[in-house]
Amino acid sequence: MSEQLIVTNPATGETLAKVTIDSPESIETKLKVGYEAFKTFTKSSAYERAQLLNRWAELIIEDQENLAKIMTEENGKPLTESRGEVVYAASYLTWFAEEAKRLYGRTIPANSTNKRLLVTRQGVGLVAAITPWNFPAAMMTRKAGPALAAGCTFIVKPAEDTPLTMIRLVELAHKAGIPEDVVQIVNGRGADIGPLFTSSPYVRKITFTGSTPVGKQLIKESADTVKHVSMELGGHAPFIICEDADIDYVVTQAIASKFRNAGQTCVCANRFLVHEAVIDEFSEKFAQAAKALKVGNGLEEGVEVGPVINKKGFDKIVAQIEDAKAKGATVLAGGTTHFDDEKGFYFVNPTVLANVTLDMKIMQEETFGPVAPITSFKSDEEAVEIANSTPFGLAAYFFTDNYKRGIYFQENLDFGILGWNDGLPSTAQAPFGGMKESGIGSEGGSEGIEPYLQTKYLSIAGL
């Protein structure tokens, strides 16, 4: 009997499904099929590809309630968030349907009258994607959309915790008319499938969203066959609050940024840097708002914070909280948990920590959970220094109504995504990518299709 992944509901521990793990032989076959399919699909017109992407998006929206329920059951996020992610996922397909029609080439003035110099763009080939569990729909379409728009074929490995959303998305892709050998899915463990992708001569590009250590490993393994790589890796986002900020508004943005998906997002606020003049006001109001959040099963009405995805994530969160408390942090809200190792569910109540210092683990390591550490700063320069002090550079947020201060932060924060008075800046039409060890390349926007293209130059003589 084939080995299987056991997919469970992180809110209850109940088994949702058993998904067959692809054997190395079946993966090799799928890679070869995708490679061969590229030879035909790359010759399709931009309008044909755009039509397929738009139809796929339509089917996703029509299936919104079903997809959202699947996502909440296997991921744990509240149903309202899952519904929003379905719409967000579809928006990448409609966006890149239009970008397919904008893959312009150019002519270059030659240095003699009997020559013509032409530049064209074409897809890189078969794209292998590895996606995370926290956004199982959007992280797939954000990669598949530009890949298909560019004329590439696509094979994806979803996270072991959340394959069911992806399986449904691929079913809808085929229903939309996208050939089965153009969009494929493989299931299994990342440690097993990653090397098969990176070593395969059929794969020309690896795109990955996940942790920085895994991303580094994939980059190393891809070097032997000189594959194209796109990496959206870990973050440790600072959330800077200046003394002139509207604190009541900031609290609403902080709650949205920090506790969405129970804090399990790569761009959520991880370090709250608050000017000493307003730290007491912000801390009190933020803690009260965090206490008011309803925690529970995402399928239940009114739930705003769901479970932590698994025991590994839970243990890391608890360790960071305990380390902070041992080093002098004060718990203003939360700090408590509800879990059952036997049943397999783990909840962390929204937690706010005050008197946080830079030597605490929570200020140096990415926190994938509903914990908000607060520390103070005296000057804009100090805030930037603290914000830039980690190897990560994915997202950062700053709140000020002073335009000079805002421009200072924009120019000096070493992060690929910035939110000025905005805790939720992500959108399909804008580039999403990090600096430093937070990634290579951008997803979304007009920039998002570039990593799936290669340039071909033609010089014509004797005219």
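**Entry 1: a loop**

Strands here are DSSP runs of at least two residues marked E, numbered from the N terminus. I needed that before anything else, and I also noted that I'm working with a predicted model.

With that settled, I looked up Glu342. I found Glu342 in the loop between strand E13 (337–340) and strand E14 (345–348). Is Glu342 buried or exposed? Exposed means over 50% relative accessible area. Glu342 has a relative accessible area of 79%, so I put it down as exposed. I then checked Glu342 against Gly13: the two are 329 residues apart in sequence, yet their C-alpha atoms are 8.6 Å apart in space.

**Entry 2: the annotated span**

I turned to the record next. UniProt, in an unreviewed entry, places the feature "domain: Aldehyde dehydrogenase" at residues 3–457. I looked at what that span is made of and got 39% helix and 22% strand. The C-alpha atoms at the two ends of residues 3–457 lie 48 Å apart.

**Entry 3: helix H5**

I picked out H5, which runs over residues 138–149 and has 12 residues. From first C-alpha to last, H5 reaches 16 Å, close to the 16 Å expected at 1.5 Å a residue.

How many of the residues of H5 are buried? I got 12 of 12, so H5 is mostly covered, by the cut-off of under 20% relative accessible area. The buried residues include Arg142 and Lys143, along with Met139, Met140 and Leu148. Gly145 and Pro146 are on that list too. After H5 comes Gly151, and I noted that its phi is positive, near 90°.

**Entry 4: the cavity**

I went looking for enclosed space and found one cavity of 30 Å³ or more. Its volume is about 50 Å³, going by the entry for the largest cavity.

Which residues line the largest cavity? Lys143, which I had already met as a buried residue of H5, is one of them. The others are Thr207, Phe208, Ser230, Met231, Glu232, Phe432, Gly433, Ile440, Gly441, Ser442 and Glu443. Strand E8 (203–209) and strand E9 (228–232) are the elements that give two or more residues to this lining. The largest share, three residues, comes from E9. I sorted the lining by kind and got four nonpolar, five polar and three charged residues.

**Entry 5: aromatic rings**

I counted 18 aromatic pairs, with ring centres within 6.5 Å as the rule. I followed up two of them.

The rings of Phe239 and Tyr397 have their centres 5.8 Å apart and their planes at 40°, so I logged the pair as tilted. This pair links distant parts of the chain, with Phe239 in strand E10 (residues 237–241) and Tyr397 in strand E18 (residues 395–399), 158 residues apart. Both Phe239 and Tyr397 are buried.

My other pick was Phe398 with Trp420: centres 5.6 Å apart, planes at 40°, so this pair is tilted as well. Phe398 sits in strand E18 and Trp420 in strand E19 (residues 417–420), 22 residues apart. Is Phe398 buried or exposed? Phe398 counts as buried, at 1% relative accessibility. Trp420 is partly exposed, with a relative accessible area of 34%.

Last, I traced a cluster. Ring pairs link Phe239 and Tyr397 with Tyr249, Phe259, Phe272, Phe282, Phe286 and Phe399.

Terms used. Residues numbered from 1 in each chain as written. Predicted model: local features only at pLDDT ≥ 70, side-chain atom pairs only at ≥ 80, totals over all residues. Heavy atoms only, no water. Helix = DSSP H or I, 4+ residues; strand = E, 2+ residues; numbered from the N terminus. Expected span 1.5 Å × (residues − 1). Buried < 20%, exposed > 50% of the residue type's maximum accessible area, 1.4 Å probe, protein only. 1 Å grid on protein atoms, 1.4 Å probe; cavity = no way out; pocket = protein on both sides within 12 Å on 5 of 7 lines; lining within 4 Å. Points joined across faces, edges and corners; volume = space filled by probe spheres on them. Nonpolar A, V, L, I, M, F, W, Y, C, P; charged D, E, K, R; others polar. UniProt positions renumbered as here; feature names shortened; annotations may be inferred. Phe/Tyr/Trp six-rings, centres within 6.5 Å; stacked < 30°, edge-to-face > 60°.
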